[in-house]
Amino acid sequence: MNIDLNFIGIIIAAVMASSVPLILAATGELIVERSGVLNLGVEGMIIIGAISGFAFMMSTESIVIAIFGAMFAGIIISLIFGFLTQTLLTLHVPTGLALTIFGIGVSAMLGKNFVGLPGKEIPVFFENLDKITFIGPILFGHSIIFYFAFVFPFFVYYFLKKTKMGLIVRAVGDSHHVATDQGINVILVRYLCIMFGGAMSGLAGAYLSLVYTPQWIENMSSGRGWIALALVVFATWNPLKVLVGALLFGSISILQLHMQAAGVRIPVQFLSALPYLLTILVLVVISRDDRKIKLNTPNSLGKTFYKEN
Amino acid sequence: METSLKISNISKAYPDCLANDNINLELKSGKIYALLGENGAGKSTLVKILFGIIQPDKGKIFLNNQILKLNSPRDAKKNKISMVFQHFSLFETLSVLENLILDSSEPKKSLENKIQDIINKYNFNIDLYTPVLNLSAGQKQKVEIIRCLIKNPDVLIMDEPTSVLTEQETKELFISLKKFSKEGILIIYITHKLKEVITLCDEVAVMRKGKLISISKVSNEKIESLANKMIGQNLKIVRKKRLEEKSNDQLIKIVNLNYKSANPFEVNIKDINFEVNRGECLGIAGISGNGQSELFQMLSGEITSENNSIVFDNRPIGKLNPQERRKYLIAFSPEDRLTHASIPQMKIFENVALNNFKSSDFFKGGLINEKKIKDHSQRILTKFSVNTENVELKTQFLSGGNLQKLLIGRELITSPNLLICFNPTWGLDVGAIHYIHETLIKINDQNKSIILISTDTEELFMLSDKICAINKGRISKVFKTTDVSTEKLGLLMGGQFD
Amino acid sequence: MGSLIKIEKRNDISNSILLFSPVLAIILTLLSGAIIFYFLGFQPLEALKIFFIIPIADLYGFSELLLKATPLCIIAIGLSFCFKTNNWNIGAEGQLIFGGIVSGGVALLFYNQEGFFILPIIILTGALGGAIFALIPAILKTYFNTNEILTSLMLVYVAKLLLDYLVVGPWTNPEGFNFPETRMFSDSARMPLLFEGLRIHAGIFIALMLVALSWFIFFKTFLGFQMKVSGLSLKTARYAGYKGKKTILLVFIISGACAGLAGVGEITGPIGQLYREISPEYGFTAIIVTFLGRLNPIGIIFASLIVALTYLGAESAQIFLQVPKSIGQIFQGLILFFLLASDFLLYFKVKFLITQKKNEY
């Protein structure tokens, strides 16, 4: 049998590439949820990041400005959510939904003049090495965001487990009342986490419009924000498991694309529905263990916090 | 070095009461001071002022003759004042060590050594790496105490520390507190338990309705004298006429009741067996968090079980939900009045409609019969002397005592054969406690039965004919109350069943 | 020195503020709309007029407003059952589409037949389809402990893809030159039009009936009382003996059926066939309507009219100002933001302490 190792390498690289936005957005949201905040606006923040990144790239031709611009835009829009839920004490669920609707609207508005424009060339690293059989396409010739995405969950893991700041985030998510008693500024911590989540969703969006696609298409996040939210539950709030879950979803997406290309006699739409059906399946399997979910869910997740004076 | 703490002319008013009325106290290290008073006497307000949580309207505090400005707990900690709260202030899912790290600016390694020293010195048996939620109440309190000791405090305030402890744990705590006192820490011990004052403290300050009534040497006091000072009147003590002969008319029987919870924050119920006869009150003692809440919910039907594990009047009811159990004239009074037994944002008559008993006709044909519910509610308000006549009033505006009268009334107006109640007087003032106790005694007199789950042993001794204790979801043998001493009950509550 | 603004929790929520906060939200939305238009380079008042007034300035425009408000109102009534009991069904869009698919399939069966019985069957199957689709997240929530927000949302994508498959595949119009659409339904499968020359149809009566019915259920029945209790405290509902799982399944069925009915109204009303985009995201927009209407049936009528206007306004703005239609979604997001923010006044009193401070001296 003739197995083309290089082809397998390319497929694995494709899987990894398609999981990048999921890793970034889910890990960002993981920090947000660990601090006790449920931001359902991930989809909206990703799409804002996508258009901002693309717009900055087209106007400045600087990848650095484009990336930071997208993250900055993510932070700005996440601050709307932060201000509403933390300062005006609104319910997390509807506020997050509003953020998604708003983000999709704003992105389409901003993107009016960018529709159909081809994306710019993005610098990649170790371009010449990607000819190496198998590991070449996997390890080399990718953008900076790609590499970042695969080390990022490890950083977040270390941050949560080993640093005092991470401990404070977990403490706030465990109980905002106790945290207040201990003199922790709960609202400040949560604002910072929300902004961090916004930045990471923004970066995920930038990856879509600058690297993955690369152009601006309305609604191009196509549910990735929601899948990222599901991944956080799947990972039981552990960043390393987010990595695993994202790769799993990446594989399904790539698999169905290849099946479509190979002309498998299953309607395209059914294949395209696979990632969404898989999300449901995975959620069901993981949620059946009630005890495990309860032990890992941040205790104060989604609860509005009001500090009595 | 000697520490002295002087409280001078402290006053604090709230819109509805004067919590502290010109309090003056002088305290010195080497002694354990009791701050004695009922719920609402103002002792919590006073210690919260001492710990910087509340700022007084008037008055000054001096530490070692220096004026002390306390704007926040941080200021208190800076001045080496520490406090252990009645409700633990710990992060449940974090480990013991992580909890302690959070409150300290020391590097992890030296902190860990320091904690280990404290643990060795006072024989605390605590694993630093286990999540707090796996600890017993006594261990959690030790974590709180360690957190204070790390800071080498000069003043240590303990707020009703024994309410969650077993007899054994209480003894251990007292030993530690006496050690701390010898080492020169000034200890302020807040309590409403008279016996503790006598066994532990050197001096006692009694508070009532925001005023400091007296300060005296404990050696000059007796339980009775302290009781009179604390309550302010010679309340006639309710005495229960105990059944001379044991009735054999069995009403409810619990057989091998078991519950394994999927929720790690709940307690599993293991092989519970007991029976209650007509006209009897069975008391179930226990330290809170030992499965009382789960047991209550199983008896009420909020958690269902094997059908034969609960037999009422010879009929198995384990699978029935609370609504169906009410049809058999069983009534339930949960511990938590505000989130369990009622909904504060709803009106009185709506809360009354929650007990949709068999003959109520509150919801005939699926429609709300508002007139019927309101008339019924009016009757409860009158019969159980609730201090309002307005059935449209939201229950959030009722005081604790009036709310409990309403809720107990809602359950009792149907003259149930069995009342299951859980901490019925928790957090109430003396008058309301008195009223509830009298009501419960009346039920027994009418040959109706009660299962009384309570963390208040005095209440249990006063009301129950038979008594047992619950520990980690298991229940001890049932004794005649007259055959059990406080010490024996303490051992049972601590899990020493034989 | 203390802060000059003090925030205090209200003990009781006054009815006037309950009404006032949606009004405030709308005013704030208009203000920020003016600012947005200004930055887009338009004369703000003129642009607002184009967005909010021009579309409904004539009879036709007003009838279009009612046409768009109808599905929003129907879905929002259903969602209010869910949201009142803290069940976050956000997949109404999928339930609408699935209801449309099922009833559309039935309509296609009768494509060459006429008869008074056809429309009622279509309406019933549409409601049934929506209800069945909503039952999926409900069952997953009650029996598998799975978060309904995520599952109901994922199913929206599934429903969209299924519709896409059907209209390009098996159900595509054999005489349709491969356009992604089905045959036109027969006249008996269409909602009766109310006026000659206007698109507004009998679906509006379904909406009004549902408003009345839901009002009755919420305020006059045991079921409504149980829902109120469950929404305020699940623990108390269990204590009272209300069947929690049954309630969850029921509210999902109701909201799914409503979404399905909205789907029927669309395909048998203005559209008359199945194609890819039978709903301009009514299912999502209705979430905003539900909140803006305060989960109250009467409130939902007004809210659906206001939110429907953002659809018409966006079209009008597209024509007269050449801005993308997505401006409508921006306004929808803003309304919800401002509504939630205005609710702050519901639960908290803001006190200015300046005068009090002075009195102390």
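**Exercise 1. Counting charge pairs**

How many salt bridges are there over all chains?

*Solution.* Start with the ground rules. You're working with a predicted model, where local features need pLDDT of at least 70 and side-chain atom pairs count only at pLDDT 80 or more, while totals for chains, interfaces and linings use all residues. Side-chain values use heavy atoms, with hydrogens and water left out; residues are numbered from 1 along each chain as its sequence is written, and chains are lettered from A and ligands numbered from 1 in the order in which they are written.

Next, the criterion: a salt bridge is a side-chain nitrogen of Lys or Arg within 4 Å of a carboxyl oxygen of Asp or Glu. Run that over all chains and you get 33 salt bridges.

**Exercise 2. Three pairs in chain B**

Work out where the partners of three chain B salt bridges sit, and whether they are buried or exposed.

*Solution.* You'll need two conventions. Helices (H or I, at least four residues) and strands (E, at least two) are DSSP runs, numbered from the N terminus. Buried means under 20% relative accessible area, exposed over 50%, and partly exposed in between (1.4 Å probe, protein chains only).

- Step 1: Glu160(B) pairs with Lys43(B), with the closest N and O atoms 3.4 Å apart. Glu160(B) is in the loop between strand S7 (155-159) and helix H6 (167-182) of chain B, and Lys43(B) is in helix H1 (residues 43-50) of chain B, so the bridge ties together parts 117 residues apart in sequence. Both Glu160(B) and Lys43(B) are buried.
- Step 2: Lys109(B) and Glu112(B) also form a salt bridge, their closest N and O atoms being 3.8 Å apart. The two are 3 residues apart in helix H4 (residues 108-121) of chain B, about one helical turn. Lys109(B) is exposed at 57% relative accessible area, whereas Glu112(B) is buried at 13%.
- Step 3: Glu411(B) bridges to Arg410(B), with 3.1 Å between the closest N and O atoms. Glu411(B) is buried at 1% relative accessibility, and Arg410(B) is buried at 2%.
- Step 4: For a case with shared partners, look at Asp249(B), Arg278(B), Asp313(B) and Arg315(B), which salt bridges join into one network.

**Exercise 3. A helix pair in chain A**

Describe how H2(A) and H3(A) cross, and list the residues that meet.

*Solution.* Two packed helices are described by the angle between their axes and the distance between the axes. Axes here are lines fitted to C-alpha atoms, for helices over the stretch in contact, and angles run from 0 to 180 degrees between N-to-C directions.

- Step 1: The axes of helix H2 (residues 42-60) and helix H3 (residues 63-87) of chain A come within 8 Å and cross at roughly 145 degrees.
- Step 2: For contacts, use heavy atoms within 4.5 Å. On the H2(A) side, the residues include Met45(A), Gly49(A), Gly53(A) and Phe56(A). Their counterparts in H3(A) include Ile63(A), Ala66(A), Gly69(A), Ala73(A) and Ile77(A).

**Exercise 4. An enclosed helix**

How many of the residues of helix H10 (residues 224-234) of chain A are buried?

*Solution.* The tally is 11 of the 11, so the helix is largely enclosed by the rest of the structure. Among the buried residues of H10(A) are Arg224(A), Trp226(A) and Phe234(A). Just after H10(A), Thr236(A) takes a positive phi of about 40 degrees.

**Exercise 5. Far in sequence**

What is Gln95(C) in contact with, leaving aside its neighbours within four places in sequence?

*Solution.* Locate the residue first: Gln95(C) lies in helix H4 (residues 92-109) of chain C, and it is buried at 2% relative accessible area. Its contacts include Asn89(C), Phe133(C), Ser255(C) and Gly256(C). Gln95(C) and Gly256(C) are 161 residues apart in sequence, yet 5.6 Å apart in space, C-alpha to C-alpha.

**Exercise 6. Positive phi in chain B**

Place Asn64(B) and Asn423(B), and say whether each is buried or partly exposed.

*Solution.* Asn64(B) has phi near 50 degrees and sits in the loop between strand S4 (58-63) and strand S5 (66-68) of chain B. Asn64(B) is partly exposed at 27% relative accessible area. Asn423(B) has a positive phi of about 45 degrees, although it is not a glycine. Its place is the loop between strand S17 (418-422) and helix H15 (430-445) of chain B, and at 2% relative accessibility Asn423(B) counts as buried.
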